Amino acid sequence: MTGGERTGGERTGGEPAGTEPAGTDTSAGRTQPEEADRLRELLRTPAYQKALLFSALIGVPVSLAAFWFLAGLHELEHLVWSDLPRGLGWNTPPWWWPLPLLTLSGLLVGLIVRHLPGAGGHVPAAGLHAPGLSPAALPGVVLAALASLPLGATLGPEAPLIALGGGLALLLAKAARAPVTDRSAALLGAAGAAAALPAIFGSPLVGAVILIEVAGVGGPRLFAVMLPALLSSGIGSLVFTGFGRWTGLSTGDLSLTVGVPSPRLDAGDVLWAVPMAVAIGLALHLIIDAGRLTAVFTAGRTLPRTVLCALAAGVCGALYALATDRSPVDVASSGQGPLAQLAQNPHSWGVGALVAVLVFKGLAYALCLGALRGGPIFPALFLGGAAGVLLAPLPGLGVVPGLAAGMAAAAAAALRLPVSSAVLVVLVMGGTEMTPVVILASVVGFATVQLLPAGRAVPPVGGPAPAGGRTGST
């Protein structure tokens, strides 16, 4: 990459002519400093060395805060959806269980959006590319997540976790009276978010790759942002592992144990992955756009419309339970638990149950994307996995390849992050056997949504609805 050019006897780095390092292009009297040279100079900068040290230090408190946040969410969800129904005499939640819970969730989130700074965090329909929030918005982010996720929102915890990690890193920098510029704020925000992410993905690598794609930068700037993030992420992973064993608490990290043998990939698996990824990409595009439409709808009269959309999501869970005689938690949840059950015993889900969960969870997902607060990853993974299992009886397609390809296509279509989606699914599957179909489905799913018409504009956090414009951003 050209970093700037000079003619004559002066290099771009200010060094005299004749001292060019090996590998520089001096043709036509011009020089091109290599990326390695620029990175080496950056690493020798005292300010950047201090940023690396501070990133290592903030990894501990940020990961501890994230641990307790996720453990609290996990315990509250278990209390609301398992302990409380059993205490009232039901082995599983009754069909109507999501109705009062999600109504309460909509009421609480509507009040937080209206009255607290930051409006409870960014709208999930905006994906993970939303702008950062100030530390003053952290209480609203935490409260909105607590009001959404344990009460049955069809969302995951990753977006509030990213906001929590980044905001806490900036708060710690301010408490330490460290000078914070726009550039250092980006570094610290990435490092804080990376320290918080290992708990839900089971690996610091996934969080780092997600942040690489979300940042959307390259060259020396990419390394400048990601080195602190990788360092803090690794330390955060160590803290999560050790602290989890010491306390005995679980944060519910995403990992699957596939209950059927993994076959060797053949031509049928690869060929079916392409049309399946296209179909899943189309479906996820419609769901995400419906979520953006929901966000526009709730931005007008926030409180009553948020309650209405949350109640409608609860109705989806109730109708699913009535239609299938299964637990409404399959719909009214992030999908992490049901996805693990689906992978462990895919044959226990009949065709009718799979079709019903795809329809009702897809509707609930769209409603929650625009009305409540959380992240978009987990429900997308479940919807893709369920679609893959549903299509597995196709000639030449196996259950495991269908599950893996479906999750990869859905994640890439929902997040617009193809590399992150492929890495996430490969690690979640616990092996590399399905890597070819995962990569293929991820690329095809991503390309499908990129070629479709631009999505609807998402209102700014706490702001009015847009005047009907559309945008291609996520």
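**The largest cavity and S334 in a predicted model**

The largest cavity has a lining of 10 residues, and those nearest its centre are P124, A125, G127, I288 and A414. The model is predicted.

Me: How much space lies in the largest cavity?
Reply: The structure holds 1 cavity of 30 Å³ or more. The space in the largest cavity is about 40 Å³.

Me: How many residues of each class, nonpolar, polar and charged, does the lining of the largest cavity have?
Reply: The lining comprises 10 residues. Split by class, nonpolar, polar and charged residues number 7, 2 and 1.

Me: Where is S334 found?
Reply: The chain has 17 helices and 0 strands. Helix α11 spans 302-324 and α12 spans 336-344. S334 sits in the loop between α11 and α12.

Me: Why does S334 count as buried or exposed?
Reply: Buried means under 20% relative accessible area. S334 has a relative accessibility of 12%, so this residue counts as buried.

Me: Which residue has its backbone nitrogen 3.3 Å from a polar atom of the S334 side chain?
Reply: A polar contact needs N or O atoms within 3.5 Å. The side chain of S334 places a polar atom 3.3 Å from the backbone nitrogen of Q336.

Me: Which residues is S334 in contact with, leaving aside neighbours within four places in sequence?
Reply: Across the chain, 78% of contacts with a separation of 6 or more join residues 24 or more positions apart. For S334, with neighbours within four places left out, the contacts are A153, L155, G156, K361, F378 and P379.

Methods:
Residues numbered from 1 in each chain as written. Predicted model: local features only at pLDDT ≥ 70, side-chain atom pairs only at ≥ 80, totals over all residues. Heavy atoms only, no water. Helix = DSSP H or I, 4+ residues; strand = E, 2+ residues; numbered from the N terminus. Buried < 20%, exposed > 50% of the residue type's maximum accessible area, 1.4 Å probe, protein only. Polar contact = N/O pair within 3.5 Å; in protein donor to acceptor, adjacent residues only side chain to side chain. Contact = heavy atoms within 4.5 Å. 1 Å grid on protein atoms, 1.4 Å probe; cavity = no way out; pocket = protein on both sides within 12 Å on 5 of 7 lines; lining within 4 Å. Points joined across faces, edges and corners; volume = space filled by probe spheres on them. Nonpolar A, V, L, I, M, F, W, Y, C, P; charged D, E, K, R; others polar.
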